[in-house]
Amino acid sequence: MIVKTKKYALDQKTYINIALRQWVKDNWKWGFVPLALILLNVVLSLTNIYPNYWIYIVVVLLTILYVLFWAVQITGIAQMEQSKALFQKYVYEIDSRQILMRINAKEGGILKWSQINGVFKDKDAYILFLDNAEAMSNVKASWIAKTVTKGLAKAQFLYLPYSIFTSENDLRFTDALLKRKGLLPGNVPAEPVK
């Protein structure tokens, strides 16, 4: 069976919101570093070992700058000319071999299931996260560029709202297919992703 969706284009605001939310989910634990530094400084100040107040300002300022850096990176992706394809209207054809993304009858692209790293089922949509490890394996880049690319890994995704599916049967089939591929938790035994 092939599920054919309605034509859909992801808007930039939705893209930025989802990408920022995923970045926060992946990086919330780093919030303990500035918190630990502030608590350490409080202890050092209260015991008169090393009393200072400038460290509070520096830690808070660096934390804000760090978060702003990643927010600008994610927002910048939405504005780049190379990312224009993210926001084009596609008809998605989903089957057990691949996801075919068509702009029209002659133009489009193929996304193999092996290129999908994971799926999150939101209240409004499926979010399919793409795996960029294979694409980055042969790229020669500085460690800074590789670090930024790794940090933005969850910013590469397909957003498939439930409203683009033509029937409830198509939604059930897609759900079962994602479970069978091992991308969604469920009772269906996972088959190897090809």
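Analyst: Let's start with a word we'll need: a residue is called buried when its relative accessible area is under 20%. By that rule, 34% of the 194 residues in the protein chain are buried. Keep in mind that we're looking at a predicted model.

User: Okay, what is the protein chain built from?

Analyst: It has 6 helices and 7 strands. Starting at the N terminus, the elements go β-α-α-α-β-β-β-β-β-α-α-β-α.

User: Why are helices H2 and H3 called roughly antiparallel?

Analyst: Look at the angle. Helix H2, residues 32–46, and helix H3, residues 54–79, pack at about 180 degrees. Anything over 145 degrees counts as roughly antiparallel, so H2 is roughly antiparallel to H3. Their axes are 10 Å apart.

User: Why give both an angle and a distance?

Analyst: Because those are the two values used to describe a pair of packed helices: the angle between the axes and the distance between them.

User: What makes the contact between H2 and H3, and which kinds of residue are in it?

Analyst: On the H2 side you'll find Pro34, Leu37, Ile38, Asn41, Val42 and Ser45. H3 brings in Ile55, Tyr56, Val59, Val60 and Thr63. Sorted by type, that's 8 nonpolar, 3 polar and no charged residues. Val and Leu count as nonpolar, for instance, while Asp and Lys would count as charged.

User: On to the strands. Why are E1 and E4 said to stand at the edges of their sheet?

Analyst: The open sheet has 4 strands in the order E1-E2-E3-E4, with antiparallel pairing. E1 and strand E4 (108–112) each have a single partner strand, so one side of each has no neighbour in the sheet.

User: How do you know that E2 really pairs with E1 and with E3?

Analyst: Count the bridges: two strands pair if there are at least two between them. Strand E1, residues 3–4, is joined to E2 by 2 bridges, so the cut-off of at least two is met. E2 and strand E3, residues 98–102, are joined by 4 bridges. Both pairs run antiparallel. You can spot some of the partners too: Lys4 is bridged to Glu93 in E2, Val91 to Arg102 in E3, and Ile94 to Ile99 in E3. A hairpin of 3 residues takes the chain from E2 to E3.

User: Which way do the residues of E2 point, and are they buried or exposed?

Analyst: In strand E2 (residues 91–94), Val91 and Glu93 point one way, Tyr92 and Ile94 point the other way, and all are buried. That fits the general pattern, because side chains in a regular strand alternate between the two faces of the sheet.

User: What makes E5 and E7 edge strands in the other sheet?

Analyst: That open sheet has 3 strands in the order E5-E6-E7, again with antiparallel pairing. Strand E5 (116–121) and strand E7 (157–161) each pair on one side only. On average, neighbouring strands here are turned by 15 degrees against each other, ignoring direction.

User: How many bridges join E6 to E7, and which residue is opposite Phe129?

Analyst: There are 5 bridges between strand E6 (residues 125–130) and E7. Phe129 stands opposite Phe157 in E7.

User: Which helices lie across this sheet?

Analyst: Helix H1 (residues 12–27) lies across E5, E6 and E7, at about 120 degrees to E7. Helix H6 (residues 168–180) lies across E5 and E6, at about 35 degrees to E6.

Notes. Residues are numbered from 1 along each chain as its sequence is written. This is a predicted model: local features need pLDDT of at least 70, side-chain atom pairs count only at pLDDT 80 or more; totals for chains, interfaces and linings use all residues. Side-chain values use heavy atoms; hydrogens and water are left out. Buried means under 20% relative accessible area, exposed over 50%, partly exposed in between (1.4 Å probe, protein chains only). Axes are lines fitted to C-alpha atoms, for helices over the stretch in contact, and angles run from 0 to 180 degrees between N-to-C directions. Angles under 35 degrees count as roughly parallel, over 145 as roughly antiparallel, 65 to 115 as roughly perpendicular and the rest as oblique. Contact means heavy atoms within 4.5 Å.
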